[in-house]
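Let's take a walk through a protein model together, from its overall dimensions down to single residues. Keep the viewer open as you read.

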Amino acid sequence: MNTSESNALAVERVRHETKVRRLQVLHIEQVSPHFLRVRLAGDALRGFVSASFDDHVKLMLPAQPGTPLVLPEAGPDGLALPPGAERPVMRDYTPRRFDGEAGLLDIEFLLHGDGVASRWVGQAREGDEVGIGGPRGSFVVPTGFDWHLLVGDETALPAIARRLEELPETAHAITVIETADAGDRRALNSRAHLQTHWVRSGEVSALASTVRALALPSGEGFAWAAGEAASMVAVRQALVQGHGMDKARVRASAYWKRGSVGHHETLGG
Ligand SMILES: Cc1cc2nc3c(=O)[nH]c(=O)nc-3n(C[C@H](O)[C@H](O)[C@H](O)COP(=O)(O)OP(=O)(O)OC[C@H]3O[C@@H](n4cnc5c(N)ncnc54)[C@H](O)[C@@H]3O)c2cc1C
């Protein structure tokens with residue numbers, strides 16, 4: 001690989017100005033048994049950018065169900081809550097689709113049951129208010145790799161679906177996606193050459209054992225993975241130890257952790 005090729009494959013980290021935006025629910029659509037797509041709208045969305053499928057926004061919900069939504073505001077020392085206000089509930093979600101000019105943002109929520117955000121979306125109505133913060137930064141993976149491996153559970157499905165829509169027709173993408181309910185599998189749109197493996201949830205190692213058994217193509221590849229914390233540790237091991245992938249070509253993140261609230265961690269080392 002010469003220098004210009006290696007530069008073209010360098011991951012880019014982009015910082016964005018942190019903004020908090022107050023938005024309204026415009027529309028809610030059932031995508032599959034456990035997925036709701038919520039279209040958020042508002043003038044505050046003008047200028048919204050999300051440079052990578054790996055991005056997240058902080059979704060902000062009222063501190064207590066049924067109470068007014070109080071959001072942090074820009075002040076002399078940065079963002080702060082008004083004195084005495086209770087911090088809103090904050091959870092990370094992927095900007096699935098957006099139109100900064102029209103002021104629209106789609107987020108796809110998994111109805112996993114036991115959580116403030118999951119319960120909120122199950123009861124959300126048009127006109128309900130939410131806040132979003134960020135994205136504060138983006139991890140931009142070049143599209144020019146010879147192959148792209150995308151691995152995850154339902155929480156990663158919005159990011160994977162977005163990435164597949166963004167990849168060019170010259171790309172080769174391999175997906176390994178775990179769902180608890182086969183009804184949540186969906187048609188994935190991509191111009192790229194696409195190989196899809198659906199995995200049924202079971203033991204922690206279900207995703208990892210499928211990844212370990214893959215015959216990965218030759219050439220320069222990048223693996224992106226997101227899902228439950230223990231499962232992601234096993235997937236990362238399958239990639240780095242099992243397939244001998246360079247750690248710099250693997251991005252594995254915990255998007256949630258069994259028994260923890262609002263967990264987010266990028267795995268490394
Ligand atoms: C960068 C990033 C992007 C994300 N993008 C999306 C997205 O686009 N769509 C999406 O649906 N989720 C996404 N997630 C995952 C989402 O943030 C978590 O599932 C979050 O915990 C949900 O908040 P909650 O209030 O419903 O549950 P919490 O209050 O955080 O958790 C309550 C309980 O539910 C459990 N729990 C949390 N998530 C799950 C789950 N998926 N399955 C089973 N049990 C769970 C927790 O372990 C805890 O015991 C993303 C996470 C990150 C870090």
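What radius of gyration would a compact globule with 269 residues have, and what does the chain have? This is a predicted model, and the rule for a compact globule gives a value near 18 Å; the chain comes out at 19 Å, so the two agree. If you would like box dimensions as well, the C-alpha atoms fill roughly 55 × 40 × 35 Å along the principal axes. Of the 269 residues, 34% count as buried.

Next, the secondary structure. The chain has 5 helices and 17 strands. Two sheets make good landmarks for the tour.

Begin with an open sheet of 7 strands, in the order β7-β4-β10-β2-β3-β9-β8, with antiparallel pairing. Its edges are β7 (89–93) and β8 (97–99), each of which pairs on one side only. From one strand to the next, the twist averages 35 degrees.

Within this sheet, β2 is a good strand to follow, as it pairs with both β3 and β10. Strand β2 covers residues 20–32 and meets β3, residues 35–41, in the antiparallel sense over 7 bridges. The connection between β2 and β3 is a hairpin through 2 residues. To see the register, find Glu-29, which stands opposite Arg-37 in β3. Further along the pair, Gln-24 has Ala-41 as its bridge partner in β3. With β10 (residues 129–133), β2 also pairs in the antiparallel sense, here over 5 bridges. Gln-24 has a bridge partner in β10 too, namely Glu-129. As you look along the strands, recall that side chains in a regular strand alternate between the two faces of the sheet.

Now move to the other sheet. This one is open as well, with 6 strands in the order β14-β13-β12-β15-β16-β17 and mixed pairing. Here the edge strands are β14 (193–200) and β17 (265–267), each pairing on one side only. The twist averages 15 degrees from one strand to the next. For an example of a parallel pair, look at β12 (residues 147–152) and β15 (residues 221–228), which are joined by 6 bridges. In that pair, Leu-149 stands opposite Ala-223 in β15.

A stop at a helix comes next. Is Ser-209 buried or partly exposed? This residue is found in helix α4, residues 206–213. Ser-209 has 16 C-beta neighbours inside 10 Å, and therefore counts as partly exposed. Ser-209 also shows how the fold brings together separate parts of the sequence: Ala-238 is 29 residues apart from Ser-209 in sequence, yet their C-alpha atoms are 7.6 Å apart in space.

Finally, let's visit the ligand. Which residues are closest to the ligand? Of the 25 residues that surround the ligand, the closest are His-56, Thr-94, Leu-110, Gly-115 and Ser-118. The elements giving two or more residues to this shell are β7, β9 (104–110), α2 (116–123) and β16 (250–256). Recall that β7 is an edge strand of the antiparallel sheet, while β16 belongs to the mixed one. In terms of domains, the shell takes at least three residues from domain 1 (13–137) and at least three from domain 2 (141–267). As for chemistry, the shell divides into 9 nonpolar, 10 polar and 6 charged residues.

Note on methods:
Residues are numbered from 1 along each chain as its sequence is written. This is a predicted model: local features need pLDDT of at least 70, side-chain atom pairs count only at pLDDT 80 or more; totals for chains, interfaces and linings use all residues. Two strands pair if DSSP finds at least two bridges between them. Helices (H or I, at least four residues) and strands (E, at least two) are DSSP runs, numbered from the N terminus. Axes are lines fitted to C-alpha atoms, for helices over the stretch in contact, and angles run from 0 to 180 degrees between N-to-C directions. A residue is near a molecule or strand if its C-beta atom, placed from the backbone, lies within 6 Å of it. Ala, Val, Leu, Ile, Met, Phe, Trp, Tyr, Cys and Pro count as nonpolar, Asp, Glu, Lys and Arg as charged, and the others, Gly among them, as polar. Domain bounds come from an automatic or database domain assignment. The radius of gyration is taken over C-alpha atoms; the globule rule is 2.2 Å times the number of residues to the power 0.38. A residue is buried if 20 or more other C-beta atoms lie within 10 Å of its own, exposed if 12 or fewer, and partly exposed in between; C-beta atoms are placed from the backbone.
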